[in-house]
Amino acid sequence: MNRFGLPWMVAGLLSLSFSAPPSRSFSAEEAQKIRDYWAQPGRYLEREPENVGVVGPWQPRLTPQASKWFWDYAKVKKSVDVVTGTFWENWVKARLISDRWAACSDCRQRNRDEFFVDGPPIDSDLPEATPPDPGPVPDDLAARLGEPPSLSEPAQPRTHSIRFDDVSFTYEDHIRFSSPRYSYYRFEHGVRSEGAALKTLPGEGLSRLCEAAGITESEGRVMFAVSSLEGGFDAINTYDTGYISIGFIQFACLRQGANSLGGLLADYKKADSESFDRDFRKFGIDVTDQGEMVALDIADGQETIGADAAQRIIEDKRLVAVFQRAGQMSEGFRVAQLRCAKAMYYPETVSVSVMLEDGPQMVPITDIVKSEAGLATLMDRKVNTGKIDGLEDAVSRICSRISPKKVSDLHPYEREIVTALKYRRDYLIDNSLSQPPNLNTRNVRDLPSRSGSRQKRKGAVH
């Protein structure tokens with residue numbers, strides 16, 4: 001035996017024994033004060049939805065398990081031939097109709113037996129009579145994904161009301177989606193609120209917020225255009241793959257309980273700790289220096305961090321409401337959202353490889369895409385997916401066609417790049433945004449290409 005082994009082991013054990021316990025975000029006194037606040041009468045109420053007397057407590061719903069199956073199915077289907085994919089899809093449609101009809105019938109029976117309510121009505125796209133049995137899952141599909149879960153099941157939605165001293169919020173869980181095969185649903189107790197759309201806020205107020213965040217009016221127009229697909233400063237979402245998504249650009253914590261939402265909270269805390277304490281710590285939410293969320297378990301006073309904090313917030317609607325209150329009532333939190341949206345998602349940080357006469361160069365995309373509509377298109381992709389897929393290919397195709405000598409030679413082709421990258425919304429038809437120029441071949445320099453000059457290529461549309 002190594003003669004240094006035993007002393008080293010003893011020293012290690014001693015260091016572990018006497019190491020300081022993990023630091024807490026909330027002292028025992030602070031935790032108790034938060035719990036006392038939430039224990040006050042009327043702060044939180046859970047009840048049945050208001051329409052329960054008409055449709056009944058039991059409602060058919062897509063389940064998170066079924067939603068995840070649809071997610072996996074969509075990916076697997078891309079890898080098979082058209083005939084197989086069509087066969088699978090016909091079975092899935094039949095199975096979905098069968099499961100939805102069965103769930104609705106089950107709910108109607110439970111509501112009649114337990115609550116003497118004749119509801120809910122059968123969805124208009126479902127048959128009145130029992131639909132045909134879809135049969136077993138196709139063997140090759142089962143080999144890929146296994147037996148699918150029930151694609152619709154009875155559920156009992158609940159309404160949650162939270163009251164602060166200055167504002168109140170109400171949410172409903174077990175969300176009903178417009179598509180019965182929505183593939184991003186993950187938490188049946190999750191809730192949502194789109195908040196106040198930015199277009200309903202006074203223009204001078206938005207200008208003041210942008211100025212405080214160090215954002216130009218043009219950058220603000222780009223971000224506000226993208227936010228129309230996400231929600232207001234006070235938007236919240238705790239039901240989907242983002243885990244907890246907050247604000248006008250939907251900062252999300254994801255599985256780790258950190259990500260862009262943790263970064264937003266850390267930025268706000270660093271910039272204005274007093275306001276952060278009033279908006280978040282006062283009610284049981286904090287963030288570590290590393291950007292991991294911290295949430296107090298109001299029931300027992302214990303702290304949860306990161307992934308555990310995300311789950312705690314999803315389950316406790318009082319903590320969800322803390323975010324919505326801050327987005328609605330706190331100018332400091334709104335400014336932090338704007339500041340972080342620019343730092344995290346504005347396309348000015350993105351570069352692209354451009355093949356010029358002197359060889360490839362990495363060029364800031366804002367040297368090519370300059371219009372507000374173009375920047376909104378790029379930001380839309382980055383906000384929703386975390387990256388700008390297709391950008392390199394779109395620029396490369398143009399470079400191979402016109403062989404630019406300098407970056408400015410690409411400016412007339414901005415509209416073509418933006419059109420190729422259109423994602424959730426067509427910003428090229430948004431009159432509130434500046435637009436890229438239309439390509440006029442008579443006014444563009446006769447650039448050579450691998451297939452000859454542009455004048456020889458008739459009928460090109462950009």
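Let me begin with a term: a residue is called buried when its relative accessible area is under 20%, exposed when that value is over 50%, and partly exposed in between, with a 1.4 Å probe and protein chains only. A second term follows: helices (H or I, at least four residues) and strands (E, at least two) are DSSP runs, numbered from the N terminus. This is a predicted model, in which local features need pLDDT of at least 70 and side-chain atom pairs count only at pLDDT 80 or more, while totals for chains, interfaces and linings use all residues. Residues are numbered from 1 along each chain as its sequence is written, and side-chain values use heavy atoms, with hydrogens and water left out.

With those terms in place, consider strand 4. Four of its five residues are buried, so strand 4 is largely enclosed by the rest of the structure.

Strand 4 belongs to an open sheet of three strands in the order 1-4-5, with antiparallel pairing; two strands count as paired if DSSP finds at least two bridges between them. At the edges stand strand 1 (44–47) and strand 5 (168–172), each of which pairs on one side only. Direction ignored, neighbouring strands here are turned by 15° against each other on average. Axes are lines fitted to C-alpha atoms, for helices over the stretch in contact, and angles run from 0 to 180 degrees between N-to-C directions.

How many bridges join strand 4 (residues 159–163) and strand 5? There are five, in the antiparallel sense. These two strands form a hairpin with four residues between them. Within the pair, threonine 159 faces glutamate 172 of strand 5, and isoleucine 162 stands opposite phenylalanine 169. On the other side, strand 1 and strand 4 are joined by four bridges, also antiparallel, with leucine 45 opposite serine 161.

I turn now to the other sheet. Three strands in the order 10-11-12 form an open sheet with antiparallel pairing. Strand 10 (285–287) and strand 12 (303–305) are at its edges with a single partner strand each, so one side of each is left without a neighbour in the sheet. The average turn between neighbouring strands of this sheet is 25°, direction ignored. Strand 10 pairs with strand 11 (residues 293–296) over three bridges, and valine 287 stands opposite methionine 293 in strand 11.

Which helices pack on this sheet? Helix 9 does, touching strand 10 and strand 11, and its direction makes about 90° with that of strand 10; contact means heavy atoms within 4.5 Å. Helix 11 (residues 307–315) also packs on the sheet, touching strand 10, strand 11 and strand 12, at about 50° to the direction of strand 11.

One residue of helix 9 deserves a closer look, namely leucine 264. Is leucine 264 buried or exposed? Its relative accessibility is 0%, so leucine 264 counts as buried. Leaving aside residues up to four places away in sequence, leucine 264 touches Phe251, Phe333, Ala336, Gln337, Cys340 and Met344. Leucine 264 and glutamine 324 are 60 residues apart in sequence, and their C-alpha atoms are 14 Å apart in space.

Finally, the pockets. On a 1 Å grid over the protein atoms alone, a cavity is a set of points where a 1.4 Å probe fits but cannot get out, whereas a pocket is an open set with protein on both sides within 12 Å along at least five of seven lines; lining residues have an atom within 4 Å of a point. Grid points are joined across faces, edges and corners, and a volume is the space filled by probe spheres set on the points.

The largest pocket has a volume of about 1,200 Å³. It is lined by 47 residues, of which Leu229, Glu230, Gln250, Asn384 and Arg424 are the closest to its centre. Among the elements that give two or more residues to this lining are helix 9 (259–271) and helix 14 (372–385).

The second largest pocket holds about 310 Å³. Of its 19 lining residues, Asn51, Gln59, Arg61, Glu172 and Arg176 are the closest to the centre. Glu172 is the glutamate of strand 5 that stands opposite threonine 159. Strand 2 gives the most to this lining, with three residues.
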